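Subject: Structure for your attention

Dear colleague,

Please find below the structure that I am handing over to you. My account of what was found in it follows directly after.

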Amino acid sequence: MHPNKACPILLSPESPPKLLLFRHPLAGVQLVKGTLEPGEAPRAAALRELAEESGIGDAQVLDDLGCWDAGHAGQVWSYHLCRVERALPATWTHQTLDDHGHCFAFFWASLDALPYADCHPVFQRALAFVCQALKERQGRVVHGS
């Protein structure tokens, strides 16, 4: 599967961690995601999209969480677990330069209580994939493989 979209997954440092999401002014709650540019590696695209859409320009990729066929418009998403060394606010807004200059409202959501009802069906399925990928990663980390 060759990805054409990159999706950075940022978790809060607290235990249990929370997932970074944002409210799009027209399209509901979403994960950060964007199109790979020609010749761009998925990890680089994930970090670029995180910076463009959230203003977080100092993240690092910790792990790849896999690819997922969105079943929508030929999109294949590549997920990348990211981290930031500094503390981030509980909520903030970021004015994008792309995507028609929208203002995105960022927040942290508990993995046990994700706002599926506020998401487009594609993002509902994307969140389910992320939760499963994080569980599988946690199993690998705990069991040392």
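Read from the start of the sequence, the elements of the protein follow the order β-β-β-β-α-β-β-β-β-α. This amounts to 2 helices and 8 strands. Please bear in mind throughout that the model is predicted.

As to overall dimensions, the C-alpha atoms occupy a box of roughly 45 × 35 × 30 Å along the principal axes. The radius of gyration is 14 Å, which agrees with the value near 15 Å for a compact globule of 145 residues. Of these 145 residues, 43% count as buried. The protein exposes about 7600 Å², and carbon and sulfur atoms supply 55% of that area. Among contacts with a separation of 6 or more, 61% are between residues 24 or more positions apart.

The sheet

An open sheet is formed by 4 strands in the order S4-S1-S6-S5, with mixed pairing. Its edges are strand S4 (34–35) and strand S5 (60–69), each of which pairs on one side only.

Within this sheet, strand S1 (residues 5–10) runs parallel to strand S6 (residues 76–83), and 6 bridges connect the two. In this pairing Ile9 stands opposite Leu81 of S6. The pairing of S5 with S6 is antiparallel and comprises 8 bridges. Here Cys67 is the residue that faces Ser78 in S6. S5 and S6 also make up a hairpin, with 6 residues between the two strands. In the turn of that hairpin, Gly71 has a positive phi of about 65 degrees.

The nonpolar cores

In soluble globular proteins, nonpolar side chains tend to be buried together. In the present model, the largest nonpolar core holds 25 residues, of which Ile9, Leu19, Leu21, Leu31, Trp68, Trp77 and Tyr79 touch the most other members. At least two residues of this core come from each of S1, strand S2 (18–24), S5, S6, S8 and H2. The largest share, 9 residues, is supplied by H2.

Leu19 may serve as an illustration. Apart from its neighbours within four places in sequence, Leu19 is in contact with Ile9, Leu10, Leu11, Leu31, Phe107, Trp108, Ala109, Leu111, Leu114, Leu127 and Val130.

There is also a second, separate core, which has 14 residues. Leu20, Val84, Phe104 and Trp108 are included in this second core.

The salt bridges

The structure contains 10 salt bridges. You may wish to look at three of the pairs in turn.

The first pair to inspect is Arg48 and Glu49, in which the closest N and O atoms are 2.9 Å apart. Are these two residues buried or exposed? Both Arg48 and Glu49 are buried. They also belong to a network of salt bridges that links Glu37, Glu40, Arg48, Glu49 and Glu52.

A further salt bridge joins the side chains of Arg137 and Asp63, at 2.8 Å from N to O. Arg137 lies in helix H2 (residues 121–142) and Asp63 lies in strand S5, so this pair ties together parts of the protein that are 74 residues apart in sequence. Arg137 has a relative accessibility of 21% and therefore counts as partly exposed.

The remaining pair consists of Glu85 and Arg83, whose side chains meet in a salt bridge at 2.9 Å, N to O. Glu85 counts as exposed because its relative accessibility is 62%. Arg83, with 36% relative accessibility, counts as partly exposed.

Strand S8 and Ser110

One more position completes this account. Ser110 belongs to strand S8 (residues 103–110). At 29% relative accessibility, Ser110 counts as partly exposed. The C-alpha atoms of Ser110 and Phe123 are 16 Å apart, while the two residues are separated by 13 residues along the chain.

Yours sincerely

How values were computed. Residues numbered from 1 in each chain as written. Predicted model: local features only at pLDDT ≥ 70, side-chain atom pairs only at ≥ 80, totals over all residues. Heavy atoms only, no water. Pairing = 2+ DSSP bridges. Salt bridge = Lys/Arg side-chain N within 4 Å of Asp/Glu carboxyl O. Buried < 20%, exposed > 50% of the residue type's maximum accessible area, 1.4 Å probe, protein only. Core = buried A, V, L, I, M, F, W, Y, C linked by side-chain atoms within 4.5 Å. Contact = heavy atoms within 4.5 Å. Rg over C-alpha atoms; globule rule 2.2 N^0.38 Å. Areas by Shrake-Rupley, 256 points an atom, 1.4 Å probe, with all protein chains shown as cover.
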